[in-house]
Amino acid sequence: MENNTAAFGRMPDGGAQVDQITLDNGWLRCQVLTYGGAVRSLEVPDRDGRPVDVVLGFDTLEDYLAQDKYMGAIVGRYANRIAGARFTLHDKEYVLCANDGPNSLHGGAVGFDKRVWTAEEVKQDAVTLSLASPDGEEGYPGNLEVRVTYQLYQDTLRILYWARCDQDTVFNPTNHSYFNLSGHASGRVEDQHIRLFSDHYTPIGPGLIPVRTADGDGCEMPVLPVDGTPMDLRRAQPIGARIGEDFPQLALAGGYDHNWVLRPNSGLPAAMAFSKNTGIAMSVHTDMPGIQFYAGNFLGGCPAGKGGAAYGDRCGFCLETQFFPDSPNRPDFPSCVLRAGEEFHSQTSYRFFCRDSIDTP
Ligand code: GLA
């Protein structure tokens with residue numbers, strides 16, 4: 001066991017101890033909490049070699065318990081929304097917790113983000129966290145075992161997800177880090193660049209639930225092309241460049257908070273981001289079929305962040321790799337069903353490097 005684990009706090013009413021594990025590979029430094037499996041800090045060298053903490057987080061466990069932003073956390077069992085907080089699998093209906101109006105968001109009332117995980121294996125540059133989610137927890141079927149590994153590999157933070165269940169179930173884990181590539185305390189992110197390697201997105205209706213929309217010929221379309229809309233982020237552009245445009249999809253979500261459809265097996269990243277202040281660029285790679293780009297539209301109202309930083313709206317953005325929202329109710333989307341006894345494996349990585357500018361071929 002490496003000596004890089006320290007007590008961070010204790011859950012209320014004499015509950016479990018929460019630890020913080022500090023990973024360091026000489027290039028990146030990352031603090032991970034057993035509470036929510038959250039990434040609390042991630043230090044990355046800027047263009048002058050100075051470490052910049054590029055994720056938002058809090059100083060105390062009490063602050064984590066007081067916020068509802070899924071700050072840095074592992075989200076599950078089902079990241080994003082399930083319409084009507086219910087789904088049917090093998091002719092049986094499962095009723096979930098409606099914690100976002102009539103819909104279920106990010107695993108329900110006590111999702112993975114609010115659980116204390118067990119640090120199974122701690123190394124200097126990696127930690128594996130585990131969690132057991134019993135049959136029926138938050139309404140989901142099956143006893144689910146989950147493991148998440150955070151690993152620093154050269155200039156990359158890798159997140160490896162593993163799971164197995166004793167019944168057929170649905171499963172869609174993600175990480176909910178809020179990035180600010182100018183530094184977590186540097187304020188709004190609208191001047192930072194975003195690029196998504198995606199030609200389509202899943203259009204939403206009320207409650208941010210994906211809807212089928214009719215195209216010009218009256219055909220039902222589960223996804224829409226980004227062409228000619230502010231959803232077209234195929235060329236790097238400041239997050240704020242088009243976020244305020246008069247476009248119904250943006251009005252519904254108060255800005256970018258949508259699922260983009262990734263190009264399978266393209267070898268390309270899913271996303272890139274860049275801060276001209278620090279020169280820090282990030283690329284995101286994943287084997288998941290979608291990515292939620294959330295511009296932190298309603299981040300405000302959480303406790304003061306690390307060192308007293310004020311985290312208002314749009315002071316961080318999330319790039320949540322995922323199955324599409326509401327997949328359990330959408331047979332036309334890639335399947336999020338995890339079969340009994342099968343192993344779930346998935347990997348998302350965030351790579352950091354410095355640039356003078358972000359090039360768009
Ligand atoms: C996700 C959702 C957002 C919001 C945040 C948490 O990114 O898509 O709408 O719920 O989580 O605040």
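## Arg81 and its surroundings

Apart from neighbours within four places in sequence, Arg81 is in contact with Asp100, Ser104, Leu105, Gly207, Leu208, Ile209, Asp257, Gln292, Pro325 and Asp326. These contacts are read from a predicted model, in which Arg81 belongs to strand S7, residues 81–82. With a relative accessible area of 7%, Arg81 is buried, since the cut-off for that class is under 20%.

The side chain of Arg81 takes part in a polar contact of 3.1 Å with the side chain of Asn80, and it also reaches the backbone oxygen of Gly207 at 3.4 Å. Arg81 is, in addition, one of the residues around the ligand.

## The ligand site

The shell around the ligand consists of Tyr70, Arg81, Leu105, His106, His176, Tyr178, Leu208, Asp257, Gln292, Tyr294, Phe298 and Glu320. Sorted by class, this shell holds six nonpolar, three polar and three charged residues.

Several side chains place polar atoms close to ligand oxygens. For Asp257, a polar side-chain atom lies 2.4 Å from an oxygen atom of the ligand, while for His176 the corresponding distance is 2.8 Å, and for Gln292 an N or O atom of the side chain is 3.3 Å from a ligand oxygen. The ligand taken alone exposes 300 Å², of which the protein buries 97%.

## Salt bridges

Side chains of opposite charge can pair when their charged atoms come close. In this model the count comes to 26 salt bridges, and a few of them are described here with the exposure of their partners.

Arg314 and Glu190 form a salt bridge whose closest N and O atoms are 3.3 Å apart. This pair links distant parts of the chain, 124 residues apart, with Arg314 in the loop between strand S26 (290–294) and strand S27 (318–322) and Glu190 in the loop between strand S16 (174–175) and strand S17 (193–196). Arg314 is buried at 13% relative accessibility, and Glu190 is buried at 19%. A salt bridge also joins the side chains of Asp191 and Lys276, at 3.7 Å from N to O. Asp191 lies in the loop between S16 and S17 and Lys276 in the loop between strand S24 (271–274) and strand S25 (280–286), so this pair ties together parts that are 85 residues apart in sequence. Here Asp191 is partly exposed, with a relative accessible area of 32%, and Lys276 is partly exposed at 45%. Elsewhere, salt bridges that share partners join Asp199, Asp227, Asp232, Arg234 and Arg263 into one network.

The side chains of Glu121 and Lys123 likewise meet in a salt bridge, at 3.7 Å from N to O. Glu121 counts as partly exposed at 44% relative accessibility, and Lys123 is partly exposed at 42%.

## Loop positions

Ala295 is found in the loop between S26 and S27, and its relative accessible area of 0% makes it buried. Not counting residues up to four places away in sequence, Ala295 touches Ile239, Ile243, Tyr256, Arg314, Gly316 and Phe317. Of these partners, Gly316 is 21 residues from Ala295 in sequence, and the two C-alpha atoms are 6.8 Å apart in space.

Gly244 sits in the loop between strand S22 (237–238) and helix H2 (248–253), where it counts as exposed at 71% relative accessibility. Its C-alpha atom is separated by 9.4 Å from that of Tyr256, which is twelve residues away along the chain.

## Backbone geometry

Most residues other than glycine have a negative phi, and most peptide bonds are trans. Against that background, a cis peptide bond joins Gly76 and Arg77, with omega at about 0°; Arg77 lies in the loop between strand S6 (74–75) and S7.

Two residues that are not glycine have a positive phi, Tyr70 at about 60° and Gln154 at about 50°. Tyr70, which is among the residues around the ligand, lies in the loop between helix H1 (61–66) and S6 and counts as buried at 11% relative accessibility. Gln154 is placed in the loop between strand S13 (144–153) and strand S14 (156–165), and at 52% relative accessibility it counts as exposed, the cut-off for that class being over 50%.

How values were computed
Residues are numbered from 1 along each chain as its sequence is written. This is a predicted model: local features need pLDDT of at least 70, side-chain atom pairs count only at pLDDT 80 or more; totals for chains, interfaces and linings use all residues. Side-chain values use heavy atoms; hydrogens and water are left out. A salt bridge is a side-chain nitrogen of Lys or Arg within 4 Å of a carboxyl oxygen of Asp or Glu. Buried means under 20% relative accessible area, exposed over 50%, partly exposed in between (1.4 Å probe, protein chains only). Helices (H or I, at least four residues) and strands (E, at least two) are DSSP runs, numbered from the N terminus. A residue is near a molecule or strand if one of its heavy atoms lies within 4 Å of it. A polar contact is a pair of N or O atoms within 3.5 Å; within protein, one must be able to donate a hydrogen and the other to accept it, and residues adjacent in sequence count only if both atoms are side-chain atoms. Accessible areas come from the Shrake-Rupley method with a 1.4 Å probe; for residues, only the protein chains shown count as cover. Ala, Val, Leu, Ile, Met, Phe, Trp, Tyr, Cys and Pro count as nonpolar, Asp, Glu, Lys and Arg as charged, and the others, Gly among them, as polar. Contact means heavy atoms within 4.5 Å.
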